[in-house]
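Please look over the sequence and the model below before reading on, and keep both in view while following the explanation.

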Amino acid sequence: MMEGVALKLQFRNPTHCSSLFSSTVRHSSPSFLRCSFRRFSSPFSVSASASTARETDNLHLGSLSLGHITRPDFPILHQEVNGSKLVYLDNAATSQKPRAVLKALQNYYEAYNSNVHRGMHFLSTKATDEYELARKKVASFINARDASQIVFTRNATEAINLVAYSWGIPNLKLGDEVIITVAEHHSAIVPWQIVAQKTGAVLKFVNLGEHEIPNLKDFKEMFSTKTKLVVTHHVSNVLASVLPIEEIVGWAHRFGAKVVVDACQSVPHMVVDVQVLDADFLVASSHKMCGPTSIGFLYGKSELLSAMPPFLGGGEMISDVFLDHSSYAEPPSRFEAGTPAIGEAIGLGAAIDYLSGIGMQKIHSYEVELANYLYESLRAVPNIHIYGPAPTGSVQRAALCSFNIENIHPTDIASFLDQQ
């Protein structure tokens, strides 16, 4: 398995100028490179200023690309590597952070660093208010009905494990079926393998079909009265496929099954509305949306979260503690044991302000343009194979490309280009 190889390229053309895109390698044999444009990851400088957003709306994007306009907001990009201006291409692994996020983190640690939900003094009250404000920002960003439906986790991986252990183990039994696509991230496969071993549930995998995307016909026909859960990506971090989540959720709910959506590659790139999708659970990660590392979130429908037992035990997740038993807090506190990642949550809130100031639809539209440009440009490379669907009027492709070049190892390509 190849993983973590970074590729750095720089495209220049009159329309897109020096566009940034990311790549990582994350796949089993054969090895390949994934190149992904992350235009959103250098958005307008709008951290807390409505006037800035209005001013940027007046800019002529025909003469300056969104990347050119937003690049100054990212301090890390203001350096040279191997004698050239840095072009960061590893956003699929983690995005860079705009100055607004860095300032939010610094301000927390310099001005009101304190623990949350356990102090009555000024600093603790301020920290608690900002921490809970970040939760409300996440809820608003994905249009959740209530902030209590948002659970802060260490990352999206932990969010999926939370569902696996707190919902999967209590609810799945011998012979129950869990449908998963073969295109899922390991974080959406391994936890369910563990659950299946513990419960006797059966994992059923949807294979790839035409255009190297999950076969939707087979997907639909796989449902039965034994189906209890579906685990699926919204946007593939490898194939760039965009799955019709509303449709898949409809199939599942007709059989009484729940749906877990891995939205790590969609929440940062497009408008995601959990009420429209009607997914039962949805996970995403801060560090892929211009926010800090070490924090992600789980969205869950209120009735499901309320019925789930705690994932971890400790402080903050309890209501009352006796020597022989304890009662537990209501969600989301029930699932946030111990001191949380306070500064990171506040930084995530700042990242959401930043992205929202641009507008997710504007980000998505620009990425679609760049995705098409990337795909068509790569097709001109001799002996290249690009994985996933070709962008057409009816087929949407995310702004990333996984590819192999015949007889050249991806590590060699990445190493060579990194030196350019």
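Which strands does helix 8 (residues 245-254) lie across? In this predicted model, helix 8 lies across strand 10 (227-233) and strand 11, and helix 8 runs at about 170° to strand 10.

Both of these strands belong to an open sheet of seven strands, whose order is 7-13-12-11-10-8-9 and whose pairing is mixed. Strand 7 and strand 9 (202-206) stand at the edges of this sheet, each with a single partner strand, so one side of each is left without a neighbour in the sheet. From one strand to the next, the twist averages 20°. As a general point, the strands of a sheet pair through backbone hydrogen bonds, and they may do so in either a parallel or an antiparallel way.

Both kinds of pairing can be followed by starting from strand 12 (residues 281-285). With strand 11 (residues 258-262), strand 12 pairs in the parallel sense over three bridges, and here V261 has L282 in strand 12 as its bridge partner. With strand 13 (residues 296-300), on the other hand, strand 12 pairs in the antiparallel sense over five bridges, and F281 has G300 in strand 13 as its bridge partner. Strand 13 is in turn joined by four bridges to strand 7, and these two strands run antiparallel; in this pairing, the bridge partner of T153 is G296 in strand 13.

Is strand 12 largely enclosed or left exposed? Five of its five residues are buried, which means that strand 12 is largely enclosed by the rest of the structure. The side chains can be sorted by direction, since F281, V283 and S285 point one way from strand 12 while L282 and A284 point the other way, and all of them are buried.

A last stop is the loop between helix 4 (122-141) and strand 7 (150-153), where Q149 lies. Is Q149 buried or exposed? Its relative accessible area is 4%, and because buried means under 20%, Q149 counts as buried. The side chain of Q149 reaches the backbone nitrogen of R145 at 3.0 Å. Leaving aside residues up to four places away in sequence, Q149 touches A144, L298, Y299, G300, K301, S302 and L305. One of these residues, G300, has already appeared as the bridge partner of F281, and the reader can therefore return from this loop to the pairing of strand 12 and strand 13, which is antiparallel, within the sheet whose edges are strand 7 and strand 9.

Key:
Residues are numbered from 1 along each chain as its sequence is written. This is a predicted model: local features need pLDDT of at least 70, side-chain atom pairs count only at pLDDT 80 or more; totals for chains, interfaces and linings use all residues. Side-chain values use heavy atoms; hydrogens and water are left out. Buried means under 20% relative accessible area, exposed over 50%, partly exposed in between (1.4 Å probe, protein chains only). A polar contact is a pair of N or O atoms within 3.5 Å; within protein, one must be able to donate a hydrogen and the other to accept it, and residues adjacent in sequence count only if both atoms are side-chain atoms. Contact means heavy atoms within 4.5 Å. Two strands pair if DSSP finds at least two bridges between them. Axes are lines fitted to C-alpha atoms, for helices over the stretch in contact, and angles run from 0 to 180 degrees between N-to-C directions.
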